[in-house]
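Hello,

Here is the structure we talked about. Please have a look, then read on for the findings.

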Amino acid sequence: MGTARVVFDRWSDRYSKRMADVRSSAVRDLFAAATRPDMISFSGGMPEIRRVPIDSVIAAATSALRDSGTEALQYGSSEGRPQVREVVVGLMGEIGVRVKADDLVITAGAQQALDLVAKIFIDPGDTIICEGPTYLGALQAFSAYQPNVVCIPMDDDGMRTDLLAEELKRLGQRGAKFIYTIPNFQNPAGVTLTPTRRRELLDLAREYDIPVIEDDPYGRLRFEGGHCLPLRALDDEVIYLGTFSKIFAPGLRLGWVAAPKPILAKFLLAKQAADLCGSSYAQVTAERYFADTRWRKTLQTLTSAYAERRDAMIAALEEFFPAEAHWTVPAGGFFVWVEMPSFLDLKSILAEAVERGVTYVPGDAFFPDGRGRNCMRLGFCYAEPAKIREGIERLAEVLEDRLELYRAFAAAGVLPAAPGTTDERG
Ligand SMILES: Cc1ncc(COP(=O)(O)O)c(C=O)c1O
């Protein structure tokens with residue numbers, strides 16, 4: 001991976017205290033390491049953009065300039081163009097959520113929406129509730145505002161609402177600023193919150209009067225099983241974060257927030273302070289793309305490709321991974337979560353894996369407190385099925401080497417201590 005150079009920073013006493021808690025994204029650091037041509041990357045969550053027909057995007061982008069050039073190159077309104085918000089109204093309607101254009105603010109991806117959430121809701125020391133593990137970009141956005149992050153463990157049915165109930169009871173009425181959840185094909189765990197648990201979560205949120213933030217980038221990437229209604233479809237007080245990144249292209253940096261009016265007004269103010277307005281050009285391009293192209297067919301092609309890769313990964317895990325490993329089987333999205341025995345430190349093994357030409361993200365990146373080192377996130381979205389098989393075989397070899405050592409220790413009755421605290425997921 002190369003040796004990190006320590007650079008003396010003579011401005012280090014000038015930064016705000018809040019920046020001290022913001023960790024660099026392990027994934028982004030890994031991208032640098034993953035550029036070797038023979039590297040098989042399971043570390044990223046990048047869509048298979050090559051399958052989006054470039055000609056249709058060129059047509060949309062050209063039409064944006066040719067037919068609406070003066071608007072596309074001008075500042076726009078902070079809430080986003082009415083036309084693109086109408087596109088979102090249509091998309092939300094298809095997944096069972098009734099919203100009006102006035103209920104929406106367009107953001108620079110869901111990531112900006114997360115940053116705005118943090119800015120709007122969090123004061124230092126506030127408690128917020130997330131799944132454990134959770135999206136590391138959310139942890140990054142939230143941590144700048146110095147919250148106390150409480151992670152609720154998950155199982156195959158998503159967030160454990162029984163444990164959420166216990167936590168809320170402990171915290172008391174309005175004891176947390178919000179509950180953040182990724183109900184569909186969770187990043188990183190790959191699991192989906194069941195309809196029953198969706199109801200339970202909403203009931204608890206109502207009972208304790210706590211806003212719910214639903215982050216749903218992967219909901220339309222379902223491989224099998226029926227569509228689950230979003231939380232926002234069941235309760236119109238839910239703050240819903242959507243994105244064009246996985247159904248069109250992340251390079252456009254377009255997402256949206258649907259929220260109750262008073263909260264939306266805060267989003268609008270925060271958005272104005274952040275960047276005045278989103279890219280008009282990107283918005284017009286998206287409008288043209290969704291109006292003029294066969295985007296549903298493209299989405300279907302993408303989803304089938306991801307499903308094939310999920311299958312390839314699960315088959316390879318079954319074939320090559322040691323008996324001690326447990327993994328989730330996602331019904332959609334991009335990620336499989338693997339859990340190893342608690343004494344195995346997958347962070348320390350990463351360098352070895354990279355040496356052998358395969359990358360993953362160690363599980364602790366998805367916890368605020370160092371837990372999860374015996375876990376890893378494997379993204380199956382990017383590599384071809386044959387490469388996935390090869391990569392999992394390589395990774396299994398690295399794990400086997402370490403496990404042999406541990407098995408020998410175990411046989412002698414001297415197991416080394418677990419690194420950090422172990423993941424609590426069942
Ligand atoms: C759960 C989750 N939320 C938000 C984002 C950010 O997406 P966007 O590209 O819309 O900023 C991602 C990106 O992968 C994600 O996985």
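**Ligand shell**

Of the 14 residues around the ligand, those that come nearest are Gly109, Ala110, Gln111, Thr243 and Ser245. Bear in mind that this is a predicted model. Helix H5, residues 109-121, gives the most to the shell, with three residues. By class, the shell has eight polar, five nonpolar and one charged residues.

**Domains**

The domain assignment splits the protein chain into two entries. Domain 1 covers 17-51 + 297-409. Domain 2 covers 54-292. Their centres, taken over C-alpha atoms, are 25 Å apart. The contact draws 32 residues from domain 1 and 34 residues from domain 2.

On the side of domain 1 that touches domain 2, four elements give two or more residues: helix H1 (17-20), helix H2 (26-33), helix H12 (295-320) and strand E11 (335-339). H12 supplies the largest share there, five residues. That side of domain 1 has 19 nonpolar, eight polar and five charged residues.

**A helix pair**

How do H7 and H8 lie relative to each other? Helix H7 (residues 161-171) packs with helix H8 (residues 195-208) at an angle of about 10°. Their axes are 10 Å apart. Angles under 35 degrees count as roughly parallel, so H7 and H8 are roughly parallel to each other.

From H7, the contact uses Thr161, Leu164, Ala165 and Leu168. H8 meets them with Arg197, Glu200, Leu201, Leu204 and Tyr208. By class, this contact has six nonpolar, one polar and two charged residues.

Best wishes

How values were computed: Residues numbered from 1 in each chain as written. Predicted model: local features only at pLDDT ≥ 70, side-chain atom pairs only at ≥ 80, totals over all residues. Axes fitted to C-alpha atoms, helices over the stretch in contact; angles between N-to-C directions. Parallel < 35°, antiparallel > 145°, perpendicular 65-115°, else oblique. Contact = placed C-beta atoms within 7 Å. Nonpolar A, V, L, I, M, F, W, Y, C, P; charged D, E, K, R; others polar. Near = placed C-beta within 6 Å. Domains from an automatic or database assignment.
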